[in-house]
Structure formats: structure tokens, C-alpha cells
Amino acid sequence: MTAGTYENPVLNADWSDPDVVRVGDDFYLTASSFGRVPGLPLLHSRDLVNWTLVGHALERLEPEEEFAVPRHDRGVWAPSIRHHEDRFWIFWGDPDQGVFQVNAPGVRGPWTRPHLLKAGRGLIDPCPLWDAETGEAYLVHAWAKSRSGVKNRLTGHRMHPDGTSLLDEGEVIVDGDRIPGWFTLEGPKLYRHDGWFWILAPAGGVETGWQGAFRSRGFFGPYEERIVLEQKDTGVNGPHQGGWVRTAAGEDWFLHFQQRGAYGRVVHLQPMRWVDGGAAGSGGGWPMLGDDGAPVAVHRRPDLPPQPPAAPATDDDFPGGRHGRQWQWTANPGTGWTIRHSADGLRLACVRSADAHDPRRLPNVLTQRLPGSPCAVEVDLRLDGGGPGARAGLAVLGDAFGWIGLERGTDGTVRLVHRFAEAAAGAERDAGAPCPAPGGRARLRVEIGAGARCRFHYDVGDGPRSSGPVFTATPWRWVGALLGLFAVAPEGPGGPGGPGAAGTATFTRFRITPSGPRARTGH
């Protein structure tokens, strides 16, 4: 890579189903967050290449009781972000509830509580449009067959301009079953440009599909279509689902994801130009993405003021016992999970649970995304108090999991343990032999290599040691693997939260260190 160029992916972690909007000289991106809390991440950039995480638009998931336990593949799917009448708007689909929206005067809030715009199962990937030419407002959405029995079609509605209600029952405006060779049409993004209604939507499935463009003179159709981005002879499988943004200078760019197994959906930036009857930047003809419809690996940077290198933060010293905004719980957080104190370090209560043996089922796991390039993850841990079975550790979570950490034994001593479970397994197993941890302390380390192959290490005061065989991280169905910190204890008298000290775990100096040529993590 040379000066004046960028290299894809520009966000090398699971920022799934991205959408983007420009406000002045600033660009804002949001992404799916599924069942993690807080939801709807908000990223900021001034050059479309370097991004930082500035907050979240959704403090908790509703209904509260539904998301009191992990719902890894539910919750917030494929949001759209827009700016209209001096407010930010985000619309998303919950496949089990319907289409929601929130809005705020600024990207840092305050954001409104979720408003249910359209109830129903299987309603996903909504995108609004406020037509500046006519004053009309519209909404388009896709369908999840797993909930509705319907897929491969896009439904359109007229929407009240205040974004609170729909004005009709909706009708199918694009039926993928009528387009030869098209299947799993989804993820629409709606635009009005050059006298046309435009829908940019992918099809063909997340791993092997393509990006399509649809245009019509009227919102309800008929639409004509083209494929505008596909893998061709590149290594970017299924370039898929994203958003178009135009800079103040008139350059067009497209951000989309690539499905990469355990790493989730990493984000690429493609140049965009107009072909077939439209001069560059004029808006005529059809959009063409990448290098004549193929994803670019390296390309000239957008014509925007140079910015210092940046990426969403990963490291954390947990100042004052508070965690950074890069962390998300696996469910709505409960009271007393974190313990505030004046020093550095994250102090977690060992929450009593019947699922103490399986971190996939725990709501009180604090997670962040698995980096998309080789790296080493390290954190120091101290386990204090509590009875037999109290445990805490560093986990790599997906359909399968592996974790290394500390556990208090029946004799009151603390030992280093390393455990794992396969995807279909209901019980964890030892991956390495337990050993004493004097003082209840350990430094935990996971080295993540190519193919998300993880090697676990520890240091209990007598030097670093490796533990167990290689563990290969796995995703959930739609979500990439996660790094997690947790503290838990088996049920005591009276069930979860019952009497009896469960103990605490203090994590300090969390670090992710790149070990490959392309890993960019924030520090």
C-alpha cells in the first residue's frame, strides 16, 4: 500500500450490515448489534477510512424480559441511518417483533425510546426515505423466511413524514422470484436521485451473493435491475449489503460487508461511479461499484482532508472501574453486575447462575468483537472471596467456546482452569490440566492466528505457559465470534442471587496486540 491509498477492509471486525450517512463534513455509520447491549453502535469518520466508535443509540433492548437472557441471533438486524430535519434517524427490524425507529438531535443523543412502526414477524432490513422533491416519505423492507415463510421480495409503504406511522398496508415493489437467477433478495437501501427512486440491495446469500441496484421513476415500480458488484476473480466473497454516501465534493462511495466466518462481517469501502449515459458525478445512468464491478483491495483514498490513523478502541484499563464503549453485554445488564471503585480495573460480581458451566448462556458476559487479523489478547485477573465453584475468565465465544481463568475449589484454594465445549455440546470439558494460582491471580492470554485458531496461555507467577490444544473459534449463525470477560458462581441457597457471598473478579490491563501485517486495533 502506498501513500494516498487505503486497503480493505477498512473495518476489520464484525460490523455487520453497515449503513452510512454524511452530515456536513462528518460521516456516521451504524451496524447490526443483534442481542448485545447497548445496541446500534455509532461510528464516526471524516475520511471514510479511519473510524472511531462514539457511542450507541440503544441503551437497552425491549421487551426487557425477552432480552434478560442471551439472544445471540435476534434483536437488532440491519439498521439504516439517515439525517432529516436536523435529526438523526435509525430504523431497524427485529425479526420477532417488527420495524422500530429511534431518533435524536445529535449522534451522541439523547436518543428516543424505540418506537414500533410496523408490528409483525419476519420484517427486516427497513430503510426510510424522505423525498425532498415532493415532501412524501416512504419505507422499504425485506422479509425473513425463518419467521414469516416469505423471502426474496421487498415491500414498500408510504410513511407519515414524522416517521411514526405507515399510511398504507404496503405492497411488493420488487419480487426476486420474477428475476431469473435471483434469490435471497434483502438488505434494501432506498435513495432518490436524478429523478429516479433507487434501491441498492444484495441477493444470493451472504457468503456467495452479489450487490444489486434497482431503479424506477415511481416508488411503487416497476423497477429494472442490474448487478453492480460481485466477487469475480477477487478474494472477496459475496460482497454484500451496505450504503451509498456522497462526499461534499461530489465523490460517490459504497460501504458493504464481507462474510468471513468466525470474524463475522468485515467492512469494505468501494469507489462508485456512474456508467451508461451518465458522466462521472452527474448521477446519470447506473452505479458501478469497485473496479468495474469487482471489489478493490487497494484504492486511492477519497478526496477528503487527511486524517490520522484510527480504529474502534479495543484496549481498556477500566479507569474507575468503568468499561469503555467498545464493550457490550450479551443481554440487558442487571443491577450489581459491576462494582464501582476508585482504582483502575473492572470489578465484576460472580453472579449466581444455573448456567455457570456454559458462558454461551450467561447474560453477564462483557464482550467485544474478535479482531479480523492475527493478534494476541491479554488481561490480568484476580479472584476474591466467594465459595466453591466461583469462577471468572477470558472467553472466545461462538457456537463453540473456549475460556481460561480462575476457579475456587472445594478446599477454598484458587486454581487456573482452561475449558471448552463444542458447538453441540451441553457441558464444558477441561482443555488443560488445572494448576494452583497463588494469591488468586493470573495473567491470561489468547494468541489468535490465521483461520481464527486460538492458543491459550497463562502466567500464575512462575512464567508464561501454554495450555491445551488449538481451539478454532466459530461464529453463531449471523454473528461473528466474540471475546468475553465473565464472572459467575453456581446457584446458592435460594437460587440465582440467593444468600451467600459469591465473590468478585477484577480484570485489569486488557490489551489486544496485533501480530499480523494488517491487524489494526484501537488503543
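Which side chain meets that of E428 in a salt bridge? The partner is R419, with an N to O distance of 3.7 Å. The model examined here is predicted. Both E428 and R419 are buried. The pair also belongs to a wider network of salt bridges. That network links R391, E407, R415, R419, E428 and D430.

Salt bridges recur elsewhere in the model. The count comes to 37. One of them joins R82 to D19. The closest N and O atoms of R82 and D19 are 2.8 Å apart. R82 sits in strand 6, which covers residues 77-84, and D19 sits in strand 2, residues 19-23, so the salt bridge ties together parts that are 63 residues apart in sequence. Both R82 and D19 are buried.

A further salt bridge brings together the side chains of D358 and R361. Here the N to O distance is 3.5 Å. How exposed are the two residues? D358 has a relative accessible area of 2%. That value is under 20%, so D358 counts as buried. R361 has a relative accessible area of 42%. This value falls between 20% and 50%, so R361 counts as partly exposed.

Attention now turns to a sheet. In what order do the 4 strands of this open sheet lie? The order is 14-15-16-17, and the pairing is antiparallel. Strand 14 (189-193) and strand 17 (224-229) stand at the edges. Each has a single partner strand, so one side of each is left without a neighbour in the sheet. From one strand to the next, the twist averages 25°.

Strand 14 is joined to strand 15 by 5 bridges. Strand 15 spans residues 196-203. These two strands run antiparallel. Within this pairing, L190 has I199 of strand 15 as its bridge partner.

The loop between strand 14 and strand 15 holds D194. D194 is not a glycine, yet its phi is positive, at about 55°. The relative accessible area of D194 is 40%, so this residue is partly exposed, lying between the 20% and 50% limits. T184 also has a positive phi, of about 50°, and is not a glycine either. Where does T184 lie? It is found in the loop between strand 13 (171-175) and strand 14. Loops thus precede and follow strand 14, with T184 in the one from strand 13 and D194 in the one to strand 15.

The backbone also contains cis peptide bonds. One joins G109 and P110, with omega about 0°. P110 lies in the loop between strand 8 (98-104) and strand 9 (115-119). Another cis bond runs from G221 to P222. Its omega is near 5°. Where is P222 placed? P222 lies in the loop between strand 16 (210-216) and strand 17. Strand 17 is the edge strand described above, with a single partner strand.

Why do these backbone features deserve a remark? Most residues other than glycine have a negative phi, and most peptide bonds are trans. T184 has a positive phi, and D194 does as well. The bond between G109 and P110 is cis, as is the bond from G221 to P222.

Note on methods
Residues numbered from 1 in each chain as written. Predicted model: local features only at pLDDT ≥ 70, side-chain atom pairs only at ≥ 80, totals over all residues. Heavy atoms only, no water. Pairing = 2+ DSSP bridges. Axes fitted to C-alpha atoms, helices over the stretch in contact; angles between N-to-C directions. Salt bridge = Lys/Arg side-chain N within 4 Å of Asp/Glu carboxyl O. Buried < 20%, exposed > 50% of the residue type's maximum accessible area, 1.4 Å probe, protein only.
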